[in-house]
Amino acid sequence: MTSLLEVEDLVVRYLVPRGIVGTLARRPKRRVHAVEGVSFSLERGEMLALVGESGCGKTTTAHAILRLVDAEAGSIRLDGEQISRLSHGALRPLRRRMQIIYQDPYESLDPRFRVWRTVEEPLLIHGLGGSKEDRRLRVVTALERVGLTPPDLFLDRYPHELSGGQRQRVAIAAGLVLEPELLVADEPVSMLDVSVRAGVLVLLDRLRDGGLGVLMITHDLSTAAHFADRIAVMYLGRIVEEGPSREVVTNPQHPYTKALMSVVPKPDPRERSRAQILRGETPNPIDVPPGCRFHPRCPVAQDICSMEDPALRAAKQARSPEHVAACLFT
Amino acid sequence: MSTLLEEPGVVVGAVEERRRTVWSILRERPATLVGLTVLSAFVLIAILAPVIAPSRVHERVGSTFDPPSPGHPLGLDDGGIDILSLLMHGARASLLVGFGSTAIAIFLGSVVGIVAGYFGGRTDMVAMRVTDYFLVIPDVPLMIVIAAIWGQSLWHIILIIGLLLWTWTARVIRAQVKSVRERVYVKRARALGAGHFHTILRHVLPQIEPLIVANIVLTIAVAIFNETALAYLGLSDPSVISWGKMIKNATDASAVSAGAWWAIVPPGVCVALVILSCTLIGQALEDALNPRLRVSFLAARGFRIRRPEQG
Amino acid sequence: MSDPVLSVADLNVWFDLPHGGTLHAVRGVSFSLAPGERFGLVGESGCGKTTSILALMGLLPPNATVSGTILLEGKDLLVGGESSIRPRRWVDVSMIFQGAMNALNPVKTVGSQIVEPMELHEIAQGADARTRAGELLELVGIPAARADRYPHEFSGGMRQRAAIAMALACEPKVLLADEPTTALDVMVQAQILDLLVSLTTELGLTLALVTHDLPVVAEVCERGAVMYAGEIVEMGTVDALYHSPRHPYTRLLFRAVPDLLGETEVVSIPGVPPRLDRSLEGCPFRPRCDRAFEPCGSVWPELRDVTGGHLAACHLNDPSYAEASS
């Protein structure tokens, strides 16, 4: 059974504009190494969380999968079908099968569209749903699926009449109305109030039951740990650790993951674990350190780390065979 | 658990955002309603001129520069023709040129602005170069050249003014489209698989519509002013009477030394009134569309203190 | 507590709305800060926490009306309006604003932005001020040599440190921090929080941390207050807030936050906060409360002491309602 999504050695780089002076002076073109060889797979009904700090490449990876940016190298397979090289025209029918939810619920809905129009729009774009009644039925079904019931109460509302959580649900409904197979959620709750987040996350969680695969991008490790089946930790364009979420969180193998887990604030004041606060900040993706990307900040780095670039492989002290880390010493 | 309890569809926060349509913006400011009334009055007069004007355009009803009298409240011009009638007929030409050239300018400007702002990159660069070239063309010398080569006609004037005014619209629209293009819901529509046409038509255009309307109105003001100037310089259609032509005729016939103010002032006042009303409307729209600087929290020394109630 | 450094009593803030009516954003907030204490003010958007601390700085817009008593080292800040606050603003109490790291003046060097308040308040001038600015930068973990750089040359975390240095320019007693780490990565957040903690212990600074992020308060603060609909609904040690909450909102709020290692179910709170442009009857949390009972709809629960220093505004703690609430 082929995976729903298979990403292999994905590479995405941006050119940094040189400006007139740079061009005239023939300065070398600099590239942002946003994604440097990322591989993972996602099964139907599974939620994979891509976590990492800013600049790690998680959002770029998601956009590359959806072909919103073009990858320089690597392959992306949706249900076995190669989509990384397809022209944008050939991609249109495929966009039905993969949808994205954006971070900002206050900006992702057109303020002039009522809810029913927003949710109906994907159907119109892809020419689905024959008659007006047929489309309205699909819209109503989508609204019910996201918990906006009774749907009639919401159909004629404008976005500004809804709360943040409701807007995000509308955005999810608009994503679901095409019945996609893959849903990419880019920080779906980070702009919502704390008391409302759980509702939206539980919704995303339940959607998996229908076979939907969810790729969640988040910087919030606690959310990832709680809702995702698997976590992939990214640093400077690479996945440095991946495995079942409980495993990665309770038994981290990579030094970066260990440090991250130790500094996540915990709500129980009695659980103030010893924080391993790394010095400095994530370096610029333009200047990637040689060897292991993490070695300048790694608390256990040795000489060899600046020379050899470790690959992802099974961690010796892991409790699960699927738990991998990219470190020479695990 | 009923989701109605979960998140009832009530308005969050104290104040509802009000939908801003062109009409609602205009309604808020009484000055613009004045402008709208004046402009509508002129348009009406221009349309009905052949019917309501007291006399015809070439009808001589008295002697040169007859002063205002009960029968001719604005007096007569150098040809003995009733000035009030001339004003009414002249309105047709002036407004026709104003609206006509504006239509050309707005159409061209919007298309170029939308294409440049939406597609960006090389398309934008090329479009802006073209815009820049048109910007530096001086209008009056161009008019003189065209008049010399193709002869003078009203349609030439409309064309020229339109071809010279579109650049301003293009720049303004481009800037707005660029910013709308970056809004998340536009990107989302693209991610859904929407084609460019659909995205522009359904998401971009409605957002810039009030700006286009503001631009239309302001361009009309400039177009009418340009027409008046060109007519005054004798570059307009000699067979058509417009307000600018009236002023030209009057000065050519030495109305000032003859003391015949009624030959010069009324057409000037009409031009000024039309431009003023257009400007009122247009600026009100533009003002309303500017993201207003919110009263920032750092506006210190403003807040008031309430003493606890006595007793 | 012995001689609090900051004492707020019955703070109320009303805003005039553009189309008539008033918004009662802060409703009778009272709390005290002991010298050197780290205090957390927690709540979701619209609860009034930011407005409350802006009132402490006297930085409210012209459409605001304030009442109450704010005693900073025993002296009333509010009584004379702007004239009584201005000499003490930044000198005795200063603030790190929300998104401060993005609000640095892009055309002035970081060092000059630290020097500016020093010279304005006549704490130091010229070369002396520049030296002190360098020392402050070192204090927050930025090499003093970088004082001549511009904000865009700094990373987000370093800009936030610079904003902290600016807030400390006049050596205030109290530092108010509004969401100081919200836009930062988790590692940088840890660095900044660590910095704030060390500043309170090394300088004897009193910190009031305003945030929606409960775990941050649990990590950094000793005491905290939970705000809802413009009121403080519970106040006490962070340990008590987590382990024995006395207000349903506090309890539900903790339950809505996923714990990294915990396995308990995460549940959101149904409903939305009440509108503050209308008068409220009874407890403001009642429509969303899972334990509301008879008096909650009509009697407003006062914030009162439940056990030694732990306050809550809930009828469930009221012994006279003990029969009805069980």
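Tutor: Before we start on this predicted model, one term: two residues are in contact if their C-beta atoms, placed from the backbone, lie within 7 Å.

Student: OK, so in chain A, what share of the contacts with a separation of 6 or more comes from residues 24 or more positions apart?

Tutor: In chain A, 65% of the contacts with a separation of 6 or more are accounted for by residues 24 or more positions apart.

Student: And how many helices and strands are in chain A?

Tutor: Chain A has 11 helices and 12 strands. Its radius of gyration is 21 Å, close to the 20 Å that the globule rule gives for 330 residues, so chain A is as compact as a globular protein of that length.

Student: What does the C-alpha trace of chain A span, along its principal axes?

Tutor: About 70 × 60 × 45 Å, and of the 330 residues in chain A, buried ones make up 50%.

Student: Switching to chain B, how do α3(B) and α4(B) cross?

Tutor: The axes of helix α3 of chain B, residues 30-52, and helix α4 of chain B, residues 83-119, come within 8 Å and cross at roughly 130°. Because that angle lies between 115 and 145 degrees, α3(B) counts as oblique to α4(B).

Student: Left-handed or right-handed?

Tutor: The crossing of α3(B) and α4(B) is left-handed.

Student: Which residues make the contact?

Tutor: From α3(B) they are Phe42(B), Val43(B), Ile45(B), Ala46(B), Ala49(B) and Ile52(B), and from α4(B) they are Met88(B), His89(B), Ala91(B), Arg92(B) and Leu95(B).

Student: How many of those are nonpolar, polar or charged?

Tutor: The contact of α3(B) with α4(B) has 9 nonpolar residues, 1 polar and 1 charged.

How values were computed: Residues numbered from 1 in each chain as written. Chains lettered and ligands numbered in written order. Predicted model: local features only at pLDDT ≥ 70, side-chain atom pairs only at ≥ 80, totals over all residues. Axes fitted to C-alpha atoms, helices over the stretch in contact; angles between N-to-C directions. Helix = DSSP H or I, 4+ residues; strand = E, 2+ residues; numbered from the N terminus. Parallel < 35°, antiparallel > 145°, perpendicular 65-115°, else oblique. Left-handed = near helix turned anticlockwise from the far one by under 90°. Nonpolar A, V, L, I, M, F, W, Y, C, P; charged D, E, K, R; others polar. Rg over C-alpha atoms; globule rule 2.2 N^0.38 Å. Buried ≥ 20, exposed ≤ 12 C-beta atoms within 10 Å, placed from the backbone.
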